[in-house]
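Colleague: Please take one part and look at it closely for me: the surroundings of the ligand. Then follow the chain outward from there.

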Amino acid sequence: MFKKILIANRGEIALRILRTCKELGIPTVAVYSEVDRDSLHVVFADEAVCIGPAPSNQSYLKIPSILSAAQITGADAIHPGYGFLAENAEFSEICADSNIKFIGPSPDSIRKMGDKAFAKETMKKVGVPVVSGSAGVVNDVDEAKKIAAEIGYPVMLKASAGGGGKGMRIVLEESEIEKAFQTAGNEAGAAFSNSALYMEKYVENPRHIEIQVLCDQHGNFYHYGERDCSIQRRHQKLIEESPSPFITNAVRTKMGEAALLGVRSVNYEGAGTIEFLVDKHQNFYFIEMNTRIQVEHPVTEMVRNLDLIKNQILIAAGREIEDKPLDSRGHAIEFRINAEDPDHNFRPSPGQIEYLHFPGGFGVRIDSHVYTDYVVPPNYDSLIAKMIIWGTDRKHAIARARRAFEEFQVEGIKTTIPFHKKVLENEKFINGDFDTSFIDKHININ
Ligand code: MV4
């Protein structure tokens with residue numbers, strides 16, 4: 001087992017990883033920027049190293065500083081969490097060259113799945129259903145027109161180096177395609193230094209449903225069911241749950257099998273998520289693979305009764321996965337509490353938390369790094385807490401979530417709590433009748 005793990009992240013996920021390390025008896029090193037000095041991951045870690053000023057590119061994204069911190073403290077493994085360097089193939093390669101185990105997949109896997117057009121072709125080849133579209137990247141406008149005419153409008157242009165919605169364009173008819181091709185390409189070039197685009201048939205009002213997998217170095221490939229992440233706003237997930245209220249058991253089984261087919265074919269190692277779009281007929285299509293632990297991983301942990309971070313660490317250490325998949329038990333829903341004002345377009349609301357009280361009781365899990373008097377810095381992602389509710393079934397989980405939100409108090413900053421309370425009273429949400437257009441259609445926000 002590792003002698004010491006450095007956690008190359010901040011916020012709730014740094015604390016989440018630290019907690020598992022402690023339970024495994026592995027000493028930890030926290031890294032922090034100057035504004036995160038008073039963060040709980042720094043308080044609870046065995047050692048902590050300041051890696052620079054607040055801006056991410058001078059701290060949490062600065063590879064030499066993080067590697068120096070690992071070398072100075074004698075850490076033999078690095079957990080990257082999510083965001084920051086989690087899907088940076090170069091970082092995982094440099095870790096390997098420095099004899100530090102990157103707790104995640106190989107640089108090769110990260111690279112291949114980071115290329116969305118390539119990933120899609122790879123999945124298609126082994127029989128995973130994909131949305132019809134271009135075979136790999138589209139080279140120019142003429143080719144775009146030709147493929148769009150074949151598959152039929154509306155189509156979507158997507159950045160091959162993108163993911164999560166950046167550099168995406170819907171094209172309704174041929175007259176729009178030239179401009180869309182240029183603007184999407186420029187946007188992708190600016191954001192990812194790679195302007196390559198691929199094309200897909202547009203799937204109307206899809207659900208976003210993803211499968212959690214774990215793969216070790218001994219040929220064990222397991223999936224742990226799905227998470228329905230359809231409640232999103234501008235590609236930011238706000239609520240995730242498992243099981244999905246939408247799909248049948250037959251579709252659930254098929255999606256799990258498809259996910260495993262995909263990861264086996266690339267000899268994947270570590271934790272990963274296979275994202276699917278699901279249309280109104282419950283047809284599912286692979287769109288992307290995330291080669292990291294995700295924000296919403298606790299939803300799976302609650303219904304599958306396992307510790308995904310522990311298994312990531314075991315896999316990286318060359319051990320077998322300990323938590324083999326069991327049937328899903330009950331229902332879990334995660335609510336993301338962001339320091340944002342839902343009455344003003346979810347604009348960031350950093351600053352000091354004057355008063356904080358977390359809910360508790362049976363079936364209420366809070367993953368959070370904040371406390372009364374904590375100052376939410378303006379420099380990072382606005383996630384301040386995740387409330388994960390477990391209930392015997394969906395109805396029970398919703399009732400328990402309402403109860404928990406009555407207890408939840410945050411003063412001094414605006415949060416997404418009022419938004420969640422509204423969703424919990426919405427009939428469509430209560431009935432599980434929602435897709436990715438839910439917030440635009442049914443939640444009035446200014
Ligand atoms: C799509 C789509 C419709 N058709 N692809 C958005 C983020 C990226 N991961 C994929 N996305 C979409 N791809 C085709 N061919 C609609 C979306 C989409 C979406 C997907 C999941 C969750 C929320 C979404 C919101 C708008 C659009």
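Modeller: A polar contact is a pair of N or O atoms within 3.5 Å; inside the protein, one atom must be able to donate a hydrogen and the other to accept it, and sequence neighbours count only through two side-chain atoms. This is a predicted model: local features need pLDDT of at least 70, side-chain atom pairs need 80 or more, and totals for chains, interfaces and linings use all residues. Numbering starts from 1 along each chain as its sequence is written, and side-chain values use heavy atoms, with hydrogens and water left out.

Start with the contacts. An N or O atom in the side chain of E200 is 2.9 Å from a nitrogen atom of the ligand. The side chain of E288 also offers an N or O atom, 3.2 Å from a ligand nitrogen. V203 uses its backbone instead: one of its N or O atoms lies 2.8 Å from a nitrogen of the ligand.

Now widen the view to the shell. There are 19 residues around the ligand, each with a heavy atom within 4 Å of it. K158, E200, K201, V203 and T436 come nearest. Four strands each supply at least two residues of this shell: β6 (155-159), β8 (197-201), β12 (270-278) and β13 (284-290). Strands are DSSP runs (E, at least two residues) and helices are too (H or I, at least four), numbered from the N terminus.

Where does the ligand lie relative to domains 2 and 3? Domain 2 (132-201) and domain 3 (207-442) both give residues to the shell, so the ligand lies between them. The domain bounds come from an automatic or database assignment.

Next, follow β12, one of those shell strands. 9 of its 9 residues are buried, meaning under 20% relative accessible area (exposed is over 50%, partly exposed in between; 1.4 Å probe, protein chains only). Strand β9 (residues 207-215) pairs with β12 in the antiparallel sense over 9 bridges. Pairing needs at least two DSSP bridges between the strands. Here H208 has L277 of β12 as its bridge partner. β12 also runs antiparallel to β13, with 6 bridges joining the two. L277 appears again here, with Y285 of β13 as its bridge partner. Look at the link as well. β12 and β13 form a hairpin with 5 residues between them. Q282 sits in that turn and has a positive phi of about 65°.

Further along the chain comes helix α10 (residues 297-304). 7 of its 8 residues are buried, so the helix is largely enclosed by the rest of the structure. The buried ones are H297, P298, V299, T300, E301, V303 and R304. N305 follows α10, and its phi is positive, near 55°.

Go on to strand β14 (residues 331-338), where 8 of 8 residues are buried. In a regular strand the side chains alternate between the two faces of the sheet. Both faces of β14 are covered. H331, I333, F335 and I337 are buried on one side; A332, E334, R336 and N338 are buried on the other. Strand β11 (residues 236-242) runs antiparallel to β14, joined to it by 4 bridges. S242 has A332 of β14 as its bridge partner. Strand β21 (residues 383-391) also pairs with β14 in the antiparallel sense, over 8 bridges. In that pairing, I337 stands opposite A385 of β21.
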